[in-house]
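Visitor: I have the sequence and the model open side by side. Walk me through what's worth a look.

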Amino acid sequence: MLSNKIRPNFSPSLYRCKVPVRATESTLVKTFMEEDNARYSGSATVKRSYMREFLVECPKCSELAVITSDLSYDTSNDKLVCSSCNHIEKADDLVRYNVVVKRVCDNCGKPFESIVPNNKHKVNRLIVPCPNCGVVRTYKPRNDAYRTAYNNSKVGDPIFNLPLWYQTSIKGEAFWAYNREHLNEIRNYVSAKLRERQTTTHTTMVEKLPNFIKSAKNRKAILKAIDKLMKK
Ligand SMILES: [Zn+2]
Ligand SMILES: [Zn+2]
C-alpha cells in the first residue's frame with residue numbers, strides 16, 4: 001500500500017545513478033579517477049591557493065605555530081601565532097630600512113653619500129657631517145625597505161623562512177607541505193593519480209609536484225611518510 005504511493009515518485013535516472021551491482025575493479029578505479037580529475041582542474045587548486053596558511057616551528061619554543069597570510073602585496077596583515085607559548089610576530093616586523101642621504105654639500109660643493117643600514121623603523125631626519133669639509137647638516141633621507149627572514153637550513157615558509165611543520169626526507173628527497181589541506185591534497189593525488197597516467201592540465205598544484213612524488217615506485221614510501229606526518 002505504502003510502496004504503491006512512493007514508487008511513482010522515483011525517477012528512472014535515480015535508478016541509473018546507483019552503483020552497478022557487479023562493479024569490477026577497473027570500473028571502480030575509473031569512477032574514482034574521474035572524480036579525482038574534476039577535483040584537480042580549476043584555479044582553486046593552484047599552489048597559491050594553499051598559501052594562506054603555513055604551519056611552522058615556532059621560533060621561540062619550536063612547537064607548532066601558524067602563519068596566516070591574505071596573499072596580497074601588502075603584508076601588514078600577515079602574522080605568526082604560537083598557541084603553545086603565545087608568541088605573536090607580524091610579517092612586517094621583518095622589514096628593515098637602509099637610510100640613505102645622497103647630496104652635494106652646500107659648503108664645499110662636493111657630492112657625498114651616507115648610508116645607515118638595518119633600521120627597524122623609517123628615519124625622517126638624519127644629521128650627517130660632510131666627509132670632505134666636515135660641515136654638519138640635517139637632511140631628509142631616503143628609506144630603502146627590504147625584508148629579512150630567519151636563518152633556517154630546512155625547508156622554510158616563504159614569509160618568515162621558519163621550518164615547515166610538515167617536512168621529512170623520503171629517499172634523500174625533501175618532502176614538505178605548507179599545511180594540512182596541502183598535505184591532504186598531495187596524499188589524494190599520490191594515492192589516486194598514479195594508477196593512470198592520463199594527460200591533465202599543467203597549472204594545478206599537483207601537476208607541479210616534483211617527479212619523485214609523482215613516481216609510481218615511490219608511492220608506498222610517500223604515503224607512509226604522509227601518514228606519519230599527519231599524526232604529528
Ligand atoms: Zn611558541
Ligand atoms: Zn662639504
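**Touring the fold**

Visitor: Which residues in α4 are buried?
Guide: This is a predicted model, so local features need pLDDT of at least 70 and side-chain atom pairs count only at pLDDT 80 or more, while totals for chains, interfaces and linings use all residues. Residues are numbered from 1 along each chain as its sequence is written, with chains lettered from A and ligands numbered from 1 in the order in which they are written. A residue is buried if 20 or more other C-beta atoms (placed from the backbone) lie within 10 Å of its own, exposed if 12 or fewer, and partly exposed in between. By that test, the buried ones in α4 are His182, Leu183, Glu185, Ile186, Tyr189 and Val190.

Visitor: How wide an arc do they cover around the axis?
Guide: They end up on the same side of α4 because their arc is a restricted one, taken from the directions from the helix axis to the C-beta atoms. An α-helix has 3.6 residues a turn, so residues three or four places apart point the same way. The arc comes to only 160°.

Visitor: What do those buried residues pack against?
Guide: Contact here means that two residues have C-beta atoms, placed from the backbone, within 7 Å. Helices (H or I, at least four residues) and strands (E, at least two) are DSSP runs, numbered from the N terminus. On that basis the buried residues of α4 pack against β10 (166-170), β11 (173-177), α5 (211-214) and α6 (219-230).

Visitor: How far does α4 reach from its first C-alpha to its last?
Guide: Helix α4 spans residues 180-192, which makes 13 residues. The expected span is 1.5 Å times one less than the number of residues, giving 18 Å for α4. The model's own reach is close to that, at 18 Å.

Visitor: What is the strand order in the open sheet of four?
Guide: Two strands pair if DSSP finds at least two bridges between them, and the pairing in this sheet is antiparallel. Its order is β1-β2-β3-β4.

Visitor: Which strands are at the edges there?
Guide: Look for strands that pair on one side only. The twist averages 20° from one strand to the next, with axes fitted as lines to C-alpha atoms (for helices, over the stretch in contact) and angles between N-to-C directions running from 0 to 180 degrees. The edge strands are β1 (53-57) and β4 (88-90).

Visitor: Which residue stands opposite isoleucine 67?
Guide: Strands β2 (residues 64-68) and β3 (residues 79-82) pair in the antiparallel sense over four bridges. Across from isoleucine 67, in β3, is leucine 80.

Visitor: And in the three-strand sheet, what stands opposite lysine 102?
Guide: That sheet is open and antiparallel, in the order β6-β5-β9, with β6 (111-119) and β9 (142-147) as its edge strands. Seven bridges join β5 (residues 95-104) to β6. Facing lysine 102 from β6 is glutamate 113.

Visitor: What is the phi of glycine 134?
Guide: Strands β7 (residues 126-129) and β8 (residues 136-139) pair antiparallel over four bridges. They form a hairpin with six residues between them, and glycine 134 sits in the turn. Its phi is positive, about 85°.

Visitor: Is leucine 71 buried or exposed?
Guide: Leucine 71 lies in the loop between β2 and β3, and its phi is near 65°, a positive value in a residue other than glycine. Most residues other than glycine have a negative phi. With 11 C-beta neighbours inside 10 Å, leucine 71 counts as exposed.

Visitor: How far apart in space are alanine 91 and aspartate 78?
Guide: Alanine 91 is in the loop between β4 and β5, and it touches Thr75, Asp78, Lys79 and Ile159, not counting residues up to four places away in sequence. Alanine 91 and aspartate 78 are 13 residues apart in sequence. From C-alpha to C-alpha, the gap in space is 5.4 Å.

Visitor: What pLDDT does the chain average?
Guide: pLDDT is the predictor's confidence in each residue, from 0 to 100, and 76% of the residues score at least 70. Over residues 1-44 it is below 50, and that stretch has 17 contacts beyond near neighbours in sequence. Residues 195-199 are also below 50, with three such contacts. The chain average is 82.
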